[in-house]
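This report asks how the interior of the chain is packed and what surrounds its main pocket. Please keep the sequence and the model in view while reading.

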Amino acid sequence: MTYVTSGRFLADLEHTLGSTLAPEPLETEENDPLATFPDAFRAELQALRGVWAIPSLPKLCVLTPGDFWPVPALTGEDRDEVLEDWFDGNEESTDFVMKAVDILNGGGGFYVLVHPSGRMGLLCEDPYSFDPLDCTLESFLRALVAAHGAVCERGLDAGKSVLAEAVGESVAKLLLTFAGRLAPKS
């Protein structure tokens, strides 16, 4: 996992956006939940935090950079509350969500999560649901950058098509729910 730490992700962003970006150096936070991630993966996520912190970086497909914390910790729920109130006793979804951190979120109450195992998932609220994503962090980020460029150049349908290859059609539709305002005006 070196797509972000190698600088390739930033280069792809700069190419897509047509501008030079300077990542922000970030200090490790006290009680950082990334401490539970394997070293190489933690470095990749720390580098992603730095890219997301670039002040001039536009929101990709109008998604907001995540907090890199587990969503239950941000909302104050413990495992029992998540298990019963969010997932009606689904242990697998609960275990994933309790350990995963959000890397992106949308204004419609959804979060793109990354688990210490490297697996990705999508958490939705109101009502709560969880879907594992069949992609890696690298393939997701590559698809997101390509989808952003496609939406800006060719419209929302083009962006959905690009993103759907990595995350599936229904997840792509949800992730691009608010991206229509990026699409070129006909």
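## Pocket and cores

By class, the lining of the largest pocket is made up of 5 nonpolar, 3 polar and 4 charged residues. The model is a predicted one, and in it this pocket holds about 160 Å³ of space. The residues that line the largest pocket are N90, E92, S93, D95, F96, K99, H115, R119, M120, F130, P132 and L133. Two or more lining residues come from each of α5 (91–99) and β5 (129–133), and the largest share, 5 residues, is supplied by α5.

Turning to the interior, the largest nonpolar core comprises 45 residues, and W52, I103 and F140 are those with the most contacts inside it. The elements giving two or more residues to this core are the helices α1 (8–17), α2 (39–52), α6 (137–154), α7 (156–167) and α8 (169–175), together with the strands β2 (101–106), β3 (110–114) and β4 (120–124). Of these, α6 gives the most, with 7 residues.

Leaving aside residues up to four places away in sequence, I103 touches L45, L48, W52, T64, P65, G66, F68, V112, V114, M120, L137 and F140; M120 is also one of the residues lining the largest pocket. Apart from the largest core lies another, of 11 residues, among them V71, V82, F96 and L123, and F96 likewise appears in the pocket lining.

The two cores are set side by side below.

| Core | Size | Residues named |
|---|---|---|
| Largest nonpolar core | 45 residues | including W52, I103 and F140 |
| Another core, apart from it | 11 residues | among them V71, V82, F96 and L123 |

Terms used. Residues are numbered from 1 along each chain as its sequence is written. This is a predicted model: local features need pLDDT of at least 70, side-chain atom pairs count only at pLDDT 80 or more; totals for chains, interfaces and linings use all residues. Side-chain values use heavy atoms; hydrogens and water are left out. A nonpolar core is a set of buried Ala, Val, Leu, Ile, Met, Phe, Trp, Tyr and Cys residues joined through side-chain atoms within 4.5 Å. Buried means under 20% relative accessible area, exposed over 50%, partly exposed in between (1.4 Å probe, protein chains only). Helices (H or I, at least four residues) and strands (E, at least two) are DSSP runs, numbered from the N terminus. Contact means heavy atoms within 4.5 Å. On a 1 Å grid over the protein atoms alone, a cavity is a set of points where a 1.4 Å probe fits but cannot get out, and a pocket is an open set with protein on both sides within 12 Å along at least five of seven lines; lining residues have an atom within 4 Å of a point. Grid points are joined across faces, edges and corners, and a volume is the space filled by probe spheres set on the points. Ala, Val, Leu, Ile, Met, Phe, Trp, Tyr, Cys and Pro count as nonpolar, Asp, Glu, Lys and Arg as charged, and the others, Gly among them, as polar.
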